[in-house]
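Trainee: Please look closely at one sheet of this model, from its strand order down to its side chains. Then place it in the rest of the chain.

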Amino acid sequence: MQVVRKSSFKKAPWKNGGGVTHEALRVPAQGDPFRWRISVAEVDTSGPFSDFSGYRRTMMLLRGAGLRLKFANDGQATLSEVGDLAQFDGALATQCDLLAGACTDLNLIACNAIDDVRARVASLQSPLAVESLAGESLVIFAASGGVSVQEPGGETVILSPWDLAVVIRSAAFVTMLQSLEERTPARVFLANFSDA
């Protein structure tokens, strides 16, 4: 299991200069083009998103009152509640309109060759068994609250809010997740995909 702590995220300007991103993980670690990356973006003003032609984007609202995305193909997506998700083609010209002030969002950007990203958000009301296929990557991002992650083989790590873990196995595997708080269950972003 690879664990990336929030404190090690790398701050960088958006490609179009319109905001700031905090890169958690990039594969490969250096250079462009990358295969996939996870980052946390600060969206302080309405405006266009950067062009990510050749990539698919998965975006989750982490903090703030929400935003509306308007795409060049006349499509729209509104993220109004923390935990709301949107998936869209990075090549589409995208306008972001803030609903009521600045927001923070989580972004998984994966190249088009990775065409099977299955992303969801889970509230850990009780222990959760996450099944993954052979050769898949499982991305776990602690969106809120502390999370206990037990990977196949028994190793357990604790993720604090906005920490990231990635699990990869050559055989199918099950990862157990549990909230550290009972009264306020942790919320996690999960994504499975194969990057062969």
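Mentor: Strands are DSSP runs of E with at least two residues, helices are runs of H or I with at least four, and both are numbered from the N terminus. By that count the protein has 19 strands and 0 helices. The model is predicted, so to speak of a local feature takes pLDDT of at least 70 and a side-chain atom pair 80 or more, while totals for chains, interfaces and linings use all residues. Residues are numbered from 1 along each chain as its sequence is written, and side-chain values use heavy atoms, without hydrogens or water.

The sheet to examine is an open one of 4 strands, in the order 13-18-15-16, with antiparallel pairing. Its edges are strand 13, residues 128-132, and strand 16, residues 156-159; each of these pairs on one side only. Two strands count as paired if DSSP finds at least two bridges between them. On average, neighbouring strands of the sheet are turned by 25° against each other, with direction ignored; axes are lines fitted to C-alpha atoms, and angles run from 0 to 180 degrees between N-to-C directions.

Take the end of the sheet where strand 16 forms the edge. Its partner is strand 15, residues 147-150, and the two pair in the antiparallel sense over 4 bridges. In register, Gln150 stands opposite Thr156 of strand 16. The hairpin made by strand 15 and strand 16 has 5 residues between the strands, and one of them, Gly153, takes a positive phi near 100°.

Now the side chains. In a regular strand they alternate between the two faces of the sheet. Strand 16 shows this alternation: Val157 and Leu159 point to one face and are buried. Thr156 and Ile158 point to the other face and are not buried. Buried here means under 20% relative accessible area, exposed over 50% and partly exposed in between, with a 1.4 Å probe and protein chains only. Thr156 thus has two roles in this description: it stands opposite Gln150, and its side chain is on the face that is not buried.

Past strand 16, the chain enters the loop that leads to strand 17 (164-168), and Trp162 lies in that loop. Phi of Trp162 is near 75°, positive although the residue is not glycine. Trp162 counts as buried because its relative accessible area is 12%.

Two backbone features elsewhere can be set beside this one. Most residues other than glycine have a negative phi, and most peptide bonds are trans. Asp74, in the loop between strand 7 (67-71) and strand 8 (76-79), also has a phi near 75°, again a positive value in a residue other than glycine. Its relative accessibility is 73%, so Asp74 counts as exposed, whereas Trp162 is buried. The other feature is the peptide bond from Val27 to Pro28, which is cis with omega near -5°. Pro28 is found in the loop between strand 3 and strand 4.

As for the whole protein, its C-alpha trace spans about 45 × 40 × 30 Å along the principal axes. Of the 196 residues, 46% are buried, and Val157, Leu159 and Trp162 are among the buried ones.
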